[in-house]
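Me: I would like to go through this structure with you, beginning with its charged pairs and then moving to the helices and loops. Please look at it first.

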Amino acid sequence: MFFILVASTVVVLAASVWAVRRATKPLGMFGEAAERLGRDVNAPPLVGSGPLEVERAAHAFNRMQEQVQRMIRDRTQMLGAISHDLRTPLTRLRLRAELIEDEEQQRKTIADLEEMQAMIAAALGFARDEAVVEQAAPLDLAALLQTICDEAADAGADVIYDGPEHARCIGRPTTLKRALADLVENAVRYGDRARVTLAIEPTRLRISVDDDGPGMPAAELERVFQPFYRLESSRSRATGGVGLGLALVRAAIDAHGGQVELTNRPGGGLRAMVLLPLSIGAAS
Ligand SMILES: Nc1ncnc2c1ncn2[C@@H]1O[C@H](COP(=O)(O)OP(=O)(O)OP(=O)(O)O)[C@@H](O)[C@H]1O
Ligand SMILES: [Mg+2]
C-alpha cells in the first residue's frame, strides 16, 4: 500500500514537472527573442511552433518587430532627407554672409553657419551608417585598441595602451574601431590624455578609457549620450564636435550586447568603461 502511494506521488510529481516545463518553454523562447531584438533589430523572425496560443504570440511578436524596423527606416530616411534639403539654403546663406559689412557680425554669422553645416554633415553620416549593418567577424580587440592608440599618438596626442597583446572576440571591426576611437578622441579633447586599459574576463572584455580632465557633473553622465547633446563648457570651444560621438558609441556597443558608461574617477578625470561580450549574443 505504502509502495503504491510513493510510486503514484513520484509519477504525479514527474508529470507535473514535465507539464510545467512544457508550458513555460515558450516563455524562455520569447525572452531570448526579445533580447536578440534589443541587440539587433534585423534579427531573424521568431518561428513559433506548438500550441495555437504560442503560434499566435510568435506571429504578434514578428509583426511588432516589422513595425519597429519600419519606424526606424522611416525615421532614418526622414533625418537624411531633411539634412540633405537643408544644405542648399545654407549654402545660399553662406554666400550672402560674405556680403555683411560689419566684420564682427560677419565672422559670427559664418561661424554659426559652419557649425550648422557640420551638424548636417554629421546627421547625414548618422543616417547613412544606420542603414548599413556590418557583418560580425572574429577579431583581436587588443590589436584594435593598440592601433587606435598608435594612430592617436602619431597625430600628437598623449595616449597609452595598457593591456594584453591579444584578446580574441567576435564583433563588427569597423563599428567597434570607430566607437572606441571616439572615446579616445573625447579623452584627448576634453581631458588632455587617454590611458586605455583592457582586461580579459571569463565571458567578457572590459575596456577603460581614462583621462585627466575635469570630468562632468553627475547629472550629465547619462545625458551626454543623447544625440547632439554637448556640455555648456565645450559649446564655445572652437575645436568642439557636434555631439554625436557618444550616441554612436552607445548604439555600436548596444548592437554587440555590451554596455558603456561614464564615471568620474575618484582621483579626478573621467572614465569611459565598455563591457563587451566575447561573442555577440553571449551573456554579458
Ligand atoms: N572625456 C570627457 N571629459 C569631459 N567631458 C566630456 C568627455 N567626453 C565627452 N564630454 C562631454 O560630452 C559631450 C558629448 O560628447 P560627444 O562625444 O557625444 O560629442 P562631441 O565630442 O561634442 O562631438 P563629436 O564626438 O560628435 O565630434 C561633449 O561635448 C563634452 O561636453
Ligand atoms: Mg566626441
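Me: Let us begin with R265. Is this residue buried, partly exposed or exposed?
Reply: R265 is partly exposed, since its relative accessible area is 25%. Please keep in mind that this is a predicted model.

Me: Which side chain does R265 meet in a salt bridge?
Reply: R265 meets the side chain of D212, with an N to O distance of 3.1 Å. The two residues lie in distant parts of the chain, 53 residues apart: D212 is in the loop between β5 and α6, and R265 is in the loop between β6 and β7.

Me: What is the accessibility of D212?
Reply: D212 has a relative accessible area of 41%, so it is partly exposed.

Me: Which residues are joined with D212 and R265 into one network?
Reply: The network also takes in D158, R193, D210 and R271, joined through salt bridges that share partners.

Me: Let us take R271, then. What is its salt-bridge distance to D210?
Reply: The closest N and O atoms of R271 and D210 are 2.8 Å apart. R271 belongs to strand β7 (residues 270–277) and D210 to strand β5 (residues 204–210), so this salt bridge ties together parts separated by 61 residues in sequence.

Me: Buried or exposed, as far as D210 is concerned?
Reply: D210 counts as buried, because its relative accessibility is 6% and the cut-off for buried is under 20%. R271 is partly exposed, at 29%.

Me: And which residue pairs with D158?
Reply: D158 forms a salt bridge with R193, and their closest N and O atoms are 2.9 Å apart. This pair links strand β2 (residues 158–162), which holds D158, to strand β4 (residues 193–200), which holds R193; the two residues are 35 apart in the chain.

Me: How accessible are D158 and R193?
Reply: D158 is partly exposed at 38% relative accessible area, and R193 is partly exposed at 35%.

Me: How many salt bridges does the structure hold?
Reply: There are 17 salt bridges in the structure.

Me: Now the helices. At what angle do α1 and α2 cross?
Reply: Helix α1 (residues 2–39) and helix α2 (residues 52–97) cross at roughly 5°, and their axes come within 11 Å. That angle makes α1 roughly parallel to α2.

Me: Which residues make that contact?
Reply: On α1 the contact is made by P26, M29, F30, A33, A34 and L37, and on α2 by V54, A57, A58, F61, M64 and Q65. Of the residues in the contact of α1 with α2, eleven are nonpolar, one is polar and none is charged.

Me: What about α5 and α7, at what angle do they pack?
Reply: Helix α5 (residues 173–191) and helix α7 (residues 245–254) pack at about 140°, with 9 Å between their axes. The two helices are therefore oblique to each other, and their crossing is left-handed.

Me: Which residues are involved there?
Reply: From α5 the contact includes T175, L176, R178, A179, D182, L183 and N186, while α7 contributes G245, L246, L248, V249, A252 and I253. The residues of this contact of α5 with α7 divide into eight nonpolar, three polar and two charged.

Me: Turning to the loops, where does P45 lie?
Reply: P45 is in the loop between α1 and α2, and it is exposed, with a relative accessible area of 56%. Apart from neighbours within four places in sequence, P45 is in contact with N62 and Q65.

Me: How far apart in space are P45 and P214?
Reply: Their C-alpha atoms are 46 Å apart, and the two residues are 169 residues apart in sequence.

Me: Where is P51?
Reply: P51 also lies in the loop between α1 and α2. P51 is partly exposed at 39% relative accessible area, and its C-alpha atom is 9.7 Å from that of P26, with their positions 25 residues apart in sequence.

Me: One last residue: buried or exposed, for R172?
Reply: R172 is buried, with a relative accessible area of 11%. R172 lies in the loop between β3 and α5. R172 and V159 are 13 residues apart in sequence, and their C-alpha atoms are 24 Å apart.

Notes
Residues numbered from 1 in each chain as written. Chains lettered and ligands numbered in written order. Predicted model: local features only at pLDDT ≥ 70, side-chain atom pairs only at ≥ 80, totals over all residues. Heavy atoms only, no water. Salt bridge = Lys/Arg side-chain N within 4 Å of Asp/Glu carboxyl O. Helix = DSSP H or I, 4+ residues; strand = E, 2+ residues; numbered from the N terminus. Buried < 20%, exposed > 50% of the residue type's maximum accessible area, 1.4 Å probe, protein only. Axes fitted to C-alpha atoms, helices over the stretch in contact; angles between N-to-C directions. Parallel < 35°, antiparallel > 145°, perpendicular 65-115°, else oblique. Contact = heavy atoms within 4.5 Å. Nonpolar A, V, L, I, M, F, W, Y, C, P; charged D, E, K, R; others polar. Left-handed = near helix turned anticlockwise from the far one by under 90°.
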